[in-house]
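Good morning, colleagues. I would like to take a few minutes to introduce a structure that will be new to most of you. Please look at the display before we go through the parts in turn.

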Amino acid sequence: MTVHFVGAGPGAADLLTLRAVSLLATADVVLYPGTYLDSAVLGHCRTEAELVDTQALDLDAIVAHLVDAHRTGREVVRLTSGDPSVYSALTEQTRRLDAADVPWDVTPGVPSYAAAAARAGRELTVPYGAQAVVLTRPGRDATPVPDTASLATFARTGATLALHLGVTRIRELMAEVEPHYGRDCPVVVAFRVSQPEERMLHGTVGDIADTVEAAGLRQAAVILVGRALTREGGESHLYSSTRRRDG
């Protein structure tokens with residue numbers, strides 16, 4: 001049996017890939033992050049499947065469920081919020097599975113920052129403006145972030161920032177980026193995008209902390225910061241009428 005790590009996307013039951021739905025429909029055991037996942041996603045599971053909410057489990061307990069399912073001949077899906085390539089603890093879990101000689105594979109999902117941008121109707125890269133996107137998170141109360149990957153370091157690039165796991169520190173984060181982006185730089189805070197509790201908060205570096213604190217957001221939010229959110233910028237050379245297209 002194989003352990004399938006599956007990106008559940010931002011939470012909506014209809015934003016999973018066809019492969020993800022197929023794996024859920026045949027799984028005997030499904031581990032899911034109850035803190036971030038809309039329960040409607042589990043509607044793709046078989047009624048007789050064993051469902052395990054991992055929000056109260058540590059890493060070793062989670063992996064124990066995965067190994068046990070494999071050794072007892074059951075297909076198991078480990079759901080992650082968003083996409084497994086970002087902040088999913090995929091590396092730690094697969095290292096342990098390799099040590100236990102348990103096979104595994106990965107199915108991608110819609111990342112939360114992409115869902116936030118889609119809901120806001122914004123492209124995160126704009127010609128002659130922001131041409132890069134930085135995915136990062138604060139280090140306090142989490143795994144430490146090296147100085148070379150600090151928010152201030154990334155802010156100096158002027159890239160569009162997608163900040164994860166930082167909504168409770170938004171005032172501090174905005175103070176760090178203000179010297180590089182300015183108080184008037186647009187910010188979007190997306191809470192539980194695509195889920196029934198969805199909130200989309202719009203503001204600027206100078207005022208978004210007040211808005212977030214008034215809304216009482218404490219988790220499951222992505223913060224987008226950057227001039228690209230204004231939709232101002234140049235035109236793409238790829239689609240330019242002056243670009244040669246004769247080979």
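**From one residue pair to the whole model**

Let me begin with a single pair: Ala190 stands opposite Met200 in β9. Please keep in mind throughout that this is a predicted model.

The strands behind that pair are β8, residues 186-191, and β9, which are joined by six bridges in the antiparallel sense. They belong to an open sheet of five strands, ordered β6-β7-β10-β8-β9, with mixed pairing. Which strands form the edges? They are β6, residues 133-136, and β9, residues 199-204, each of which pairs on one side only. From one strand to the next, the twist averages 15 degrees.

Two helices deserve attention here. Helix α4, residues 112-120, packs on the sheet and touches β6, β7, β8, β9 and β10. The direction of α4 makes about 65 degrees with that of β10. Helix α7, residues 208-215, also packs on the sheet, where it touches β8 and β9. Between the direction of α7 and that of β9 the angle is about 150 degrees.

I turn now to strand β2. This strand pairs with β3 in the parallel sense over four bridges, and Glu50 in β3 is the bridge partner of Val29. Strand β4, residues 76-80, runs parallel to β2 and is joined to it by three bridges; there, Leu31 stands opposite Arg78.

Are the two faces of β2 covered or open? Both are covered: Val29 and Leu31 on one side, and Val30 and Tyr32 on the other, are all buried. As a general point, side chains in a regular strand alternate between the two faces of the sheet.

The loop between β2 (29-32) and β3 (50-53) contains Tyr36. Tyr36 has a relative accessible area of 32%, so it counts as partly exposed. Together with Tyr87 and Leu165, Tyr36 forms a nonpolar patch on the surface, with about 300 Å² of accessible area in total.

Finally, the overall picture. The protein has seven helices and ten strands, and its C-alpha atoms fill a box of roughly 60 × 55 × 35 Å along the principal axes. Of its 247 residues, 44% count as buried. The accessible surface comes to about 12,500 Å², and carbon and sulfur atoms contribute 50% of that area. Among contacts with a separation of 6 or more, 69% are between residues 24 or more positions apart.

Thank you for your attention.

Methods: Residues are numbered from 1 along each chain as its sequence is written. This is a predicted model: local features need pLDDT of at least 70, side-chain atom pairs count only at pLDDT 80 or more; totals for chains, interfaces and linings use all residues. Side-chain values use heavy atoms; hydrogens and water are left out. Patches are made of residues with over 30% relative accessible area and no salt bridge: like charges are joined within 9 Å, nonpolar side chains (Val, Leu, Ile, Met, Phe, Trp, Tyr) within 5 Å. Accessible areas come from the Shrake-Rupley method with a 1.4 Å probe; for residues, only the protein chains shown count as cover. A salt bridge is a side-chain nitrogen of Lys or Arg within 4 Å of a carboxyl oxygen of Asp or Glu. Buried means under 20% relative accessible area, exposed over 50%, partly exposed in between (1.4 Å probe, protein chains only). Two strands pair if DSSP finds at least two bridges between them. Axes are lines fitted to C-alpha atoms, for helices over the stretch in contact, and angles run from 0 to 180 degrees between N-to-C directions. Contact means heavy atoms within 4.5 Å.
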